[in-house]
Amino acid sequence: MTIWEMLAVFVAGISAGTINTIVGSGTLITFPVLLATGLPPVTATVSNALGLIPGSISGAIGYRAELTGQRPRILRLGAAALVGGLTGAVLLQVLPSTAFETIVPVLVALALVLVVLQPRITKAVQERRVREQKTARPNGGPLLFIGLLLASVYGGYFTAAQGIIYLSLMGMLLDDTLQRLNAVKNVLAAIVNTVAAILFLFVADFDWTAVVLIAVGSAIGGQIGAKIGRRLPPVAMRVIIVVVGTAAIVQLLLR
């Protein structure tokens, strides 16, 4: 990488760490930047997954107050993240690179649709719950476990917008504050990234320069995101995610 490319990757890492801590989808920033430096898609994904681990951990630490009293929930949902993340990482290695390049734009597009529709879906579910006088299960029940398992398979395969999917599922099926759910989301993302990275270290090609730059940047961003997460309007964040994600899709299709 040139010095300017290294700087771009570092800044992307900070931005990804910040956004991942607040809501998710930071990979929609780092992934296209890594592609722009000339890395192949699979190598970029593996390097990105390794680099974002410190950011996930940093964000979880920043939200440690909101994690109080959630240990049983984290243990249960963390098991789904562990199994799903490992499965997704294996799929990334088994499927040919051509299949990967074809699938990723579709996954990103679906993630962006979810970003836009999630508030309406959540509101509709909550209103129906009130009408039927039902309460959400403390741990979301089997539906949430299976949903997070599948979302973690996706996260282990390609991390873009996995945090958005987690928040959407938990927001619909758990009766808790967004900030506490966001804290759980950060832990789940850390689990998926870590288990996938452990596998990648032994079986995949990655770029150490990209890994280190994203790691340092995302760790810084995780702390920034934890501090500003309650202040940034959700609408503004969704607009940013949609814009960046659309640019990523265009770049992937033109590659």
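**Close-up views of an all-helical predicted model**

**View 1. The largest nonpolar core.** The largest nonpolar core has 60 residues. Leu-148, Met-170, Leu-188 and Phe-200 have the most contacts inside this core. Helix α9 gives the most to the core, with nine residues. In soluble globular proteins, nonpolar side chains tend to be buried together. The model shown here and in every other view is predicted.

**View 2. Surroundings of Leu-148.** Leu-148 is one of the residues with the most contacts inside the largest nonpolar core. Residues up to four places away in sequence are not counted here. Beyond them, Leu-148 touches Leu-77 and Ala-80. Leu-148 also touches Tyr-166, Leu-169, Met-170 and Leu-188. Two of these partners, Met-170 and Leu-188, are listed with Leu-148 among the residues with the most contacts inside the core.

**View 3. The whole chain, for orientation.** The protein chain comes to 11 helices and zero strands. From the N terminus on, its elements run α-α-α-α-α-α-α-α-α-α-α. Of its 255 residues, 51% count as buried. Contacts with a separation of 6 or more are dominated by distant pairs: residues 24 or more positions apart account for 85% of them. The chain exposes about 11,700 Å². Carbon and sulfur atoms supply 70% of that area.

**View 4. The largest cavity.** Rolling a probe the size of a water molecule over the atoms shows where empty space is left. How many cavities of 30 Å³ or more does the structure hold? There is one. The largest cavity has a volume of about 140 Å³. Its lining comprises 16 residues. Closest to the centre are Asn-20, Ser-56, Gln-162, Ala-189 and Asn-193.

**View 5. Lining of the largest cavity.** Four helices each supply at least two residues of the lining: α1 (3-22), α4 (53-62), α8 (162-173) and α9 (178-203). The largest share, four residues, comes from α9. Helix α9 also gives the most residues to the largest nonpolar core. By class, the lining divides into two nonpolar, 13 polar and one charged.

**View 6. Thr-30 in helix α2.** Thr-30 has its place in α2 (residues 27-36). Is Thr-30 buried or exposed? Thr-30 counts as buried, because its relative accessibility is 1%. Outside the residues up to four places away in sequence, Thr-30 touches Ala-12, Gly-13 and Ala-16. Asn-48 and Ile-214 are also touched by Thr-30.

**View 7. Phe-206 in the loop between α9 and α10.** Phe-206 is found in the loop between α9 and α10 (208-228). Neighbours within four places in sequence are left aside. The remaining contacts of Phe-206 include Thr-43, Val-46, Ser-47 and Leu-50. Phe-200, Leu-201 and Val-211 are in contact with Phe-206 too. Phe-206 and Leu-39 are 167 residues apart in sequence. In space, C-alpha to C-alpha, Phe-206 and Leu-39 are 9.1 Å apart.

**View 8. Thr-43 in helix α3.** Thr-43 is found in α3 (residues 41-51). Its relative accessibility is 16%, so Thr-43 counts as buried. Leaving aside neighbours within four places in sequence, Thr-43 is in contact with Asp-205, Phe-206 and Asp-207.

**View 9. Leu-117 in helix α6.** Leu-117 is found in α6 (residues 97-131). Leu-117 counts as partly exposed, because its relative accessibility is 37%. Leu-117 and Ser-168 are 51 residues apart in sequence. Their C-alpha atoms are 9.5 Å apart in space.

Definitions and conventions
Residues are numbered from 1 along each chain as its sequence is written. This is a predicted model: local features need pLDDT of at least 70, side-chain atom pairs count only at pLDDT 80 or more; totals for chains, interfaces and linings use all residues. Side-chain values use heavy atoms; hydrogens and water are left out. On a 1 Å grid over the protein atoms alone, a cavity is a set of points where a 1.4 Å probe fits but cannot get out, and a pocket is an open set with protein on both sides within 12 Å along at least five of seven lines; lining residues have an atom within 4 Å of a point. Grid points are joined across faces, edges and corners, and a volume is the space filled by probe spheres set on the points. Ala, Val, Leu, Ile, Met, Phe, Trp, Tyr, Cys and Pro count as nonpolar, Asp, Glu, Lys and Arg as charged, and the others, Gly among them, as polar. Contact means heavy atoms within 4.5 Å. Buried means under 20% relative accessible area, exposed over 50%, partly exposed in between (1.4 Å probe, protein chains only). Accessible areas come from the Shrake-Rupley method with a 1.4 Å probe; for residues, only the protein chains shown count as cover. A nonpolar core is a set of buried Ala, Val, Leu, Ile, Met, Phe, Trp, Tyr and Cys residues joined through side-chain atoms within 4.5 Å.
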